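Here's a quick walk through a fold, meant for reading with the structure open beside you. We'll go from the overall layout to the sheet, then the helices, then a few side chains.

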Amino acid sequence: MDNKDAEKLFFIPFNTGGHWLLLAINPIREIVYYLDSLGNDWTTYPDMKVLIDTVLQAFRAQRDIQTSRRGANSITWIKVACPQQRNQIDCGYFMLRFMRDTLALGRLMIPTDYFEEFKCAFYTKDQVDEIKEEWCQFMIELNVFS
């Protein structure tokens, strides 16, 4: 709760039970950016939405923010038109790539049509392989496998 009033973007890699997607949350503005490489809507995962909404409401309470009864559900969910995967196995790598793209730009907002710098309908095999290699290098540097 240090700097609880500082605007930040928190990344939540979320596994639905067989699929990875990314939630990027700005708790001050109460915005949840939803990035799903299968193109599903967040309503596909109602338990996820309830969980994240509950966390944001608890954060609001910790900050002593008073809202009207109507404003209590003022959390904004934004579906981002991010690159889509062409198979059923690369979702974890897409989620990592979305996170990396956002961090590389250092922004606190994600455009609904994704970042102009990285906009495409699909990642190429080379772009997916790049994030796979970066992840492997990261794990080796952590010395996870010794």
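What pattern does the chain follow, read along the sequence? It goes β-β-β-α-β-α-α. That pattern comes from three helices and four strands. Keep in mind that this is a predicted model. The chain has 146 residues, and buried ones make up 36% of them. Take the contacts between residues at least 6 apart in sequence: 60% of these join residues at least 24 apart.

**The sheet**

Let's start with the strands. There are four in an open sheet, ordered E1-E2-E3-E4, and their pairing is mixed. Which strands stand at the edges? Those are E1 (10–15) and E4 (76–79), and each has a single partner strand, so one side of each is left without a neighbour in the sheet. On average, neighbouring strands here are turned by 25° against each other, direction ignored.

Now zoom in on E1 and its partner E2 (residues 20–26). The two run antiparallel and are joined by six bridges. You can pick out two of the pairings by eye: Phe14 has Leu21 of E2 as its bridge partner, while Ile12 is matched with Leu23 in E2. E1 and E2 make a hairpin, with four residues between them. Look for Gly17 in that turn, where phi is positive, at about 120°.

**Helices on the sheet**

Two of the helices lie across strands. Helix H1 (residues 46–62) crosses E1, E2, E3 (31–35) and E4, running at about 25° to E2. H2 lies across E1, E2 and E3, and its angle to E2 is also about 25°.

**Where H2 meets H3**

How do the axes of H2 (residues 91–105) and H3 (residues 125–141) cross? They come within 9 Å and cross at roughly 85°. That angle is why H2 counts as roughly perpendicular to H3. On the H2 side, the contact is made by Tyr93, Phe94, Leu96, Arg97 and Arg100. H3 brings Gln127, Val128, Glu130, Ile131, Lys132, Glu134 and Trp135. By type, the contact residues divide into six nonpolar, one polar and five charged.

Glu134 is worth clicking on. This H3 residue is partly exposed, because its relative accessibility is 34%. Its C-alpha atom is 9.9 Å from that of Leu96, with the two positions 38 residues apart along the chain.

**Aromatic side chains**

A search of the whole structure turns up eight aromatic pairs. One of them is Phe94 with Phe98, an edge-to-face pair with 6.2 Å centre to centre and 80° between the planes. Both residues sit in H2, four residues apart, about one turn of the helix.

Are these two phenylalanines, Phe94 and Phe98, buried or exposed? Both are buried: Phe94 is at 3% relative accessibility, and Phe98 has a relative accessible area of 1%. Phe94 and Phe98 also belong to one aromatic cluster, together with Tyr114, Phe115 and Tyr123.

Here are the accessibility values for the residues we've looked at:

| Residue | Relative accessibility | Class |
|---|---|---|
| Phe94 | 3% | buried |
| Phe98 | 1% | buried |
| Glu134 | 34% | partly exposed |

Phe94 is a good place to finish, as this residue is part of the H2 contact with H3 and also a member of the aromatic cluster.

Terms used. Residues numbered from 1 in each chain as written. Predicted model: local features only at pLDDT ≥ 70, side-chain atom pairs only at ≥ 80, totals over all residues. Heavy atoms only, no water. Axes fitted to C-alpha atoms, helices over the stretch in contact; angles between N-to-C directions. Parallel < 35°, antiparallel > 145°, perpendicular 65-115°, else oblique. Contact = heavy atoms within 4.5 Å. Nonpolar A, V, L, I, M, F, W, Y, C, P; charged D, E, K, R; others polar. Pairing = 2+ DSSP bridges. Phe/Tyr/Trp six-rings, centres within 6.5 Å; stacked < 30°, edge-to-face > 60°. Buried < 20%, exposed > 50% of the residue type's maximum accessible area, 1.4 Å probe, protein only.
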